Amino acid sequence: MNISKSGQITIKGIGGSPGICIGKAYIVDKEGVNIIKRYPVSEPLVPKEIDRFKQAVSKAKNDHARVIESLDEDLGENLNILETHMVLFKDKMLYGKTIDTISRERINAEWALKKVSREVRAMFQQIDDKYLQARVIDIVQVSDKIMSYLVGAQDIKISDINKRVIIVAHDLSPADASQIQLEHIKGFVTDRGGKDSHTSIIAKSLKIPSVLGLGSATVSVKNDDILIVDGSSGTLIINPEEDTLFKYEERLARFEEYRAGLERQSHLPAVTKDGISLNLMANIELVEEVVAAKDHGATDVGLFRTEFLYLDLKRFPTEDELLYKYKELVELMNPQSVTIRTLDINGDKVNPYLTTIEEANPSLGLRAVRFCLENEDIFITQLKAILRAAAFGNIKLLIPMISCVEEIIQVKKVINKAILELEEEDKIFNKDIPLGVMIEVPSAVMIAESLAEHVDFFSIGTNDLIQYSMAIDRRNRQVAHLYQALNPAVLKMIKMTYDAAMKKGIDLVMCGEMAGDPMNMPVLVGIGLTEFSMNSASIPVVKKMIRDLDTKKAKKTLKKIMTLNTVHEILSFIFEEYKDILPFRETDESL
Ligand code: PEP
Ligand code: MG
């Protein structure tokens, strides 16, 4: 952190999404409700502490009653849930036990509530009844609400913000980021988070600048401070001096002009200088993004991340609800293809409404296909919706986080069960769709040839492949310097996957963010990849690079690159060899 004499503060973080924005700060949380401290309460003060708890409950309950009153009649299930919550506020289990714990253990109300809510959740999870297990969600929501009043951090809903501001948050989950209303939010900065985390991926697709991993932004920024967010270089400037403001206003204008220029060319074909045609597709999270994807020149949807629908609904959707969305998407894209990836929750796309398991290492835990195989009913519901939607367009089915052959065999058995159920139910569907696996775990690279025996295509997910190969958490700012797409280890993995796919004659796509950086194109094209799927906002700049690239030269330079030992050597070599055609780095001061 750098503080100038006039009070301008500059903090370096990690660029989450490129671009510059200037505006007023809007703090959406401090440390939030997650960091709860335990402290003793002396005996004479216990009644006061209980009173503080009761007041928090009353405020939360009144607030909740107001929400119910303001709702439309047509709310069916949602209204039931809210009414259940109303009862839970004063339920003996949560309310009575917390008061009891404060007085018996003489501890603060926050700690007592946290302890009791954990105990109640654990108790419900033991019960062998899906309905009762699902009630854990209600308990989490109600105790969170009370907690926010206790710690004085009442919920601010991102979707409710109606001023043109820059969000400052300790952390934003991918679900929070997907609530951002573009007409209001100019950009955001967070204390936590790392490169290519899902939060940064969403910021890129919204095309708003963001800086993550700032460490202490929420401590240094006050509401209404003037901020400059430079998502390209990963810089946050608080209360800028006049000169700085002027410089950034000029850079902002140049950046917008540069981006508009690229977008004007985004409909030209992705053909290299020597006439090789490549396929640039879009990664999307919501059906609504299809328009932007087509505008940016995407041919197909190369990756549809399906988990956001689940995160937004805050419950598991029904087969028909999923079918409705998938059908809408494939019909919009028809005859072009849509690769639908099955549910990839947990890891960083976790939501207490959907899973209640607590894991020390969520990225190494019951994530993606592991979760689906453990929860076969949820998996079958999704597979049935995908197979039914395939009757209306061109779908490919993609399975995330496969780490061994047994898993893909198991997945195929579940697909067969889904097919049998659809046949019994006399539903219209299409089972002849290509099946692929994500190659995003190092073990999958090592056994790629065996995996290829079971599937029609591979899709390399570099976001996770880098995370797992380099053993770094992609959300952790402390190790973000090791998140290196061009690390020789990562390049060898990509090359091995390519060789295996070619040997077995199956299709190969790359759908990680690595494909969205023009700097990586000489290497990827040099290896021989021809199909890429990326954040659609990156397509124009990648296309520009491809149109200037010569594949023969890329193959030649790849040989040299594969002999280099460090990422620094590789970057310098690419920069030197390709400096004439590399598009402006968006971090360029000259921009
Ligand atoms: C990846 O891991 O590269 C990928 C595309 O999947 P996600 O970012 O959703 O984990
Ligand atoms: Mg992944």
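**Cavities and helix contacts**

User: What's the volume of the second largest cavity?
Analyst: About 60 Å³. A cavity here is a set of points on a 1 Å grid over the protein atoms alone where a 1.4 Å probe fits but cannot get out; points join across faces, edges and corners, and the volume is the space filled by probe spheres set on them.

User: Which residues are closest to its centre?
Analyst: R305, R341, M438, E440 and N463, out of 14 that line that second largest cavity (lining means an atom within 4 Å of a point).

User: And which elements give two or more residues to that lining?
Analyst: β11 (301-305) and α18 (462-469). Elements are DSSP runs numbered from the N terminus: helices are H or I with at least four residues, strands E with at least two.

User: How does that lining divide by class?
Analyst: 3 nonpolar, 4 polar and 7 charged for the second largest cavity. Asp, Glu, Lys and Arg count as charged, Ala, Val, Leu, Ile, Met, Phe, Trp, Tyr, Cys and Pro as nonpolar, and the others, Gly among them, as polar.

User: What am I looking at, by the way?
Analyst: A predicted model, where local features need pLDDT of at least 70, side-chain atom pairs 80 or more, totals for chains, interfaces and linings use all residues, and side-chain values use heavy atoms, leaving out hydrogens and water. Residues are numbered from 1 along each chain as written, with chains lettered from A and ligands numbered from 1 in written order.

User: How many cavities of 30 Å³ or more turn up?
Analyst: 4, from a search of the whole structure. The largest has a volume of about 80 Å³.

User: What lines the largest one?
Analyst: M281, G302, T339, K396, F457, S459, D507, V509 and E531. Strands β15 (457-460) and β16 (507-510) each supply at least two of the lining residues.

User: What's the class split for that lining?
Analyst: In the largest cavity, 3 nonpolar, 3 polar and 3 charged.

User: Switching to helices: which residues of α9 and α21 meet?
Analyst: On the α9 side Y258, L262 and E263, and on the α21 side P540, V541 and K544 (contact means heavy atoms within 4.5 Å). That contact has 4 nonpolar and 2 charged residues, with no polar ones.

User: Is the crossing of α9 and α21 left-handed or right-handed?
Analyst: Left-handed, i.e. the near helix is turned anticlockwise from the far one by less than a right angle, with clockwise being right-handed.

User: What about α3 passing α4, left-handed or right-handed?
Analyst: α3 passes α4 in a right-handed crossing. Among the α3 residues making that contact are M93, L94 and I102, and the α4 ones include L113, V116 and F124. The α3 and α4 contact divides into 10 nonpolar, 3 polar and 4 charged residues.

Methods
1 Å grid on protein atoms, 1.4 Å probe; cavity = no way out; pocket = protein on both sides within 12 Å on 5 of 7 lines; lining within 4 Å.
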